[in-house]
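Reader: Could you walk me through the ligand site and the terms used for it?
Author: Gladly, let us look together.

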Amino acid sequence: MDLWFTENHTEHVKFSMKVKSHLFSAESEYQKIDVIDTYEFGKVLVIDGYLMVTEKDEFIYHEMITHVAMAVNPNIKNVLVIGGGDGGAVRELTRYSSIEKIDMVEIDDVVVKAAKKYLDFTANRLDDERVTLHIEDGIKFVKGKKGLYDLIIVDSTDPIGPGEGLFTTKFYRDCYKILTEKGILINQNESPYYADTAEQMIKATKKLKNVFPIVEVFQCHLPTYASGHWILGFSSKAFHPTHGFDGERWEQIGLETKYYNTNVHLGSFALPTYVNKMLE
Ligand code: SAM
């Protein structure tokens, strides 16, 4: 009998992948966590029935959520990752010797433990000496602190459950304060294609524009996320992500990547007309 994992991308659209085996399942105090092994996408992390990370396409997301900011500001030293329990964002950040400190604030220890056990391809750099793991709510962690980080990456679940508060103006204001004077915030900013994620994308971008002077969004093409067209937010106090961008400087670092490059960097901010209209 065939086993399939199916995620509802909308009420009328399902996305299914054939499962080899169901490796892990647990209910934490926050969410249900599963790890499955699939024929097409390898190992897959699922939270509350939503696909989070797959072995085959995670590089697209984790390269874009990290390298765009790192290429804009070569002086990023202190980084805060909120969420990102699979470790993929941290893995990409640890490739920069220029980074001195990475605080990862993940609310659910069960996700981290499952990632370390089953998702070595994303969790394999969580033991880097520069990484400090805080098992707590990112909303609380940023409250009342000032000028500590050059970069914040909000690698959150969707704005439901524990992730909801990571899409609020209050949270973005606290992020603004905890960032240094040239700080950059990158956030998982949903998608323009289906109605519910488009609404979330529009709302989050509007809130960010009320807090940061420079707010742009950029895109990547991720086969396993709803519609495959995914949006990330770039909010900044000082740097524009493309105006005067010096790709050469990033290329000289010599990092091997599979998706990000400095042309993709510039191209990812060139949005389809319907998306620009949504964000006007
Ligand atoms: N890249 C995936 C995506 O776009 O859906 C998400 C990666 S990661 C699995 C998302 C993480 O955010 C989860 O591990 C979840 O526990 C964590 N999370 C949700 N709300 C949080 C909060 N308030 N503070 C810290 N971490 C949170």
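Reader: What makes the pair between Tyr225 and the ligand a polar contact?
Author: An N or O atom in the side chain of Tyr225 lies 3.1 Å from a nitrogen atom of the ligand. A polar contact is a pair of N or O atoms within 3.5 Å, so this pair counts. The model is predicted, with local features needing pLDDT of at least 70 and side-chain atom pairs 80 or more, while totals for chains, interfaces and linings use all residues. Residues are numbered from 1 along each chain as its sequence is written, and side-chain values use heavy atoms, without hydrogens and water.

Reader: Which side chain has an N or O atom 2.6 Å from an oxygen atom of the ligand?
Author: That is Glu106. Gly163 uses a backbone N or O atom instead, 3.3 Å from a ligand nitrogen atom.

Reader: How much of the ligand does the protein bury?
Author: The protein buries 99% of the 590 Å² that the ligand exposes when taken alone (accessible areas by the Shrake-Rupley method with a 1.4 Å probe).

Reader: Why are Gln31 and Asp155 said to surround the ligand?
Author: A residue is near a molecule if one of its heavy atoms lies within 4 Å of it, and therefore joins the shell. In this model 26 residues surround the ligand, and Gln31 and Asp155 are among the closest.

Key
Polar contact = N/O pair within 3.5 Å; in protein donor to acceptor, adjacent residues only side chain to side chain.
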